[in-house]
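Please work through the exercises below with the sequence and the structure open beside you, and try each task before reading its solution.

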Amino acid sequence: MTLRVVSLNAWGGKLHAPLMRYLANVEADIFCLQEIVRTPAAHSDWLEYRDGEHILPQRTHLFEEIQAILPHHDGMFSPTARGELFDGAGTVPSEFGLATFVRASLPIIGQAMDFIHGAFSPHGWGPHPRGRNAHGVRLYSYDDDFPVTVFQLHGLRDRNGKGDTPARAAQAEALLRLIERLWHRGERLIVCGDLNLLPDSNTFEVLSRLGLVDLVTSRGFTSTRTSHYEKDGRFADYMLVTPNVEVVRFDVVAEPEVSDHCALRLDFR
C-alpha cells in the first residue's frame, strides 16, 4: 500500500477557497500544516494580523474548518503563541501554530512535541525571532506491517534572511534531540515543513546524522514558492526521508496555488 504525506504552510488561510478544495481532495494520509490559526472566542470568519506595515488576513477558525473537511482524520494542534488579531478596531486573542492530521486507520503509537527555539508565548506573539515548535507522530500501517515516524516544523524566521545563524544551529540540534526521543532507529522517518532555510544550510548536515536526505533539492526542484511570494529566495519548504522510505512519487505542487508556499506531496512505501 502507498501512503501519502502532504506538507504545506497554509499562510493563515489567506487563499481560503482553493486551500480548502485542495486539502479536501488530495487524499493524503498525513497532513503536516504550518501557519494554522485557532481562535475559539471569535465570531467573525476573518481577522487581521498586524505587525507594523505587515498586515495579513487570517482565517479565524482555520483549524476547525480543516478538521470538518477531514472527518476521517484525527487532528492535533500545537500552538507557538497566543496573541491578538484585529477585528476592525477591536482585538481577539488567537493561537497560531502547527496542525497535524492523521487518517484514523493509522494508529498513533507515539507522539512528541516540544519547542526547538524559544518557548510558548502566552501573552502576545513575542519578539523576533519568535518561538518555534516541532511535532512528531509515530504511526503504524496495518496494511504494510511497518511503523513510520513523521515530524514537521516551522523553522524560526529571522528578519535578516534565511542564512545560518547561531539560533538556527541551536534549533537544528534541538530538533535532532526531539526526533531521537520518538523515532526508533532503523524505522522509516520523514521530516518536513517550512524550514525557512537556504539549501546549503548546516541544518541539513545535522539531520544527515539520522540518514535524512532532502527530496526538494536532490530531485532538482528550484523553488517551493508560488506567484504570491514576491521576494527573492525561492526555497523555504523541504521534505527529508531516510533511505528505507521507498519514494513512489514526490512533487512540489505548483498548481493549484493555495498559499504563497507550494505544497509538498510524497507517496511512499
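## Exercise 1: A tryptophan in a strand

Task: place Trp46 in its strand, decide whether Trp46 is buried, exposed or partly exposed, and list its contacts beyond the neighbours in sequence.

Solution: Trp46 belongs to strand β3, in a model that is predicted. Its relative accessibility is 35%, and because buried means under 20% and exposed over 50%, Trp46 counts as partly exposed. Once the neighbours within four places in sequence are set aside, Trp46 is in contact with Gly13, Lys14 and His16, and also with Pro57, Gln58, Arg59 and Thr60. As a check on distance, Gly126 is 80 residues away from Trp46 in sequence, and the two C-alpha atoms are 22 Å apart.

## Exercise 2: Two cysteines

Task: find out how many disulfides the structure holds, and explain why Cys192 and Cys32 are or are not bonded.

Solution: A search of the whole structure gives 0 disulfides. Cys32 is in no disulfide, and the nearest cysteine sulfur, which belongs to Cys192, is 3.7 Å away. The cut-off for a disulfide is a pair of sulfur atoms within 2.5 Å, so the 3.7 Å between the sulfurs of Cys192 and Cys32 is too far for a bond. Turning to accessibility, Cys32 is buried with a relative accessible area of 1%, and Cys192 is buried with a value of 0%.

## Exercise 3: A helix and its packing

Task: compare the span of α3 with the expected span, and then state which elements its buried residues pack against.

Solution: Helix α3 covers residues 166-182, which makes 17 residues, and from its first C-alpha to its last it reaches 25 Å, close to the 24 Å expected at 1.5 Å a residue. Its buried residues include Arg168, Gln171, Ala172, Leu175, Ile179 and Leu182. An α-helix has 3.6 residues a turn, so residues three or four places apart point the same way. The buried residues of α3 pack against the strands β7, β8, β9 and β10, and against helix α4.

## Exercise 4: The largest pocket

Task: give the volume of the largest pocket, and describe the residues that line it.

Solution: The largest pocket contains about 1100 Å³ of space. Its lining is made of 45 residues, of which Glu35, His54, Arg132, Arg157 and Lys231 are the closest to the centre. By class, the lining divides into 14 nonpolar, 16 polar and 15 charged residues. Strands β2, β3, β4, β5 and β6 each supply at least two of the lining residues.

## Exercise 5: Backbone exceptions

Task: identify which residues are joined by a cis peptide bond, and which residues other than glycine have a positive phi.

Solution: Most residues other than glycine have a negative phi, and most peptide bonds are trans. Against that background, a cis peptide bond joins His128 and Pro129, with omega about -10°, and Pro129 sits in the loop between β7 and β8. Another cis bond joins Glu255 and Pro256, with omega about 0°, and Pro256 sits in the loop between β13 and β14. For phi, Asp145 has a positive value near 60°; Asp145 lies in the loop between β8 and β9 and counts as exposed at 57% relative accessibility. Asn196 has a positive phi of about 55°; Asn196 lies in the loop between β10 and α4 and counts as buried at 7% relative accessibility.

Technical notes: Residues are numbered from 1 along each chain as its sequence is written. This is a predicted model: local features need pLDDT of at least 70, side-chain atom pairs count only at pLDDT 80 or more; totals for chains, interfaces and linings use all residues. Side-chain values use heavy atoms; hydrogens and water are left out. Helices (H or I, at least four residues) and strands (E, at least two) are DSSP runs, numbered from the N terminus. The expected span of a helix is 1.5 Å times one less than its number of residues. Buried means under 20% relative accessible area, exposed over 50%, partly exposed in between (1.4 Å probe, protein chains only). Contact means heavy atoms within 4.5 Å. On a 1 Å grid over the protein atoms alone, a cavity is a set of points where a 1.4 Å probe fits but cannot get out, and a pocket is an open set with protein on both sides within 12 Å along at least five of seven lines; lining residues have an atom within 4 Å of a point. Grid points are joined across faces, edges and corners, and a volume is the space filled by probe spheres set on the points. Ala, Val, Leu, Ile, Met, Phe, Trp, Tyr, Cys and Pro count as nonpolar, Asp, Glu, Lys and Arg as charged, and the others, Gly among them, as polar.
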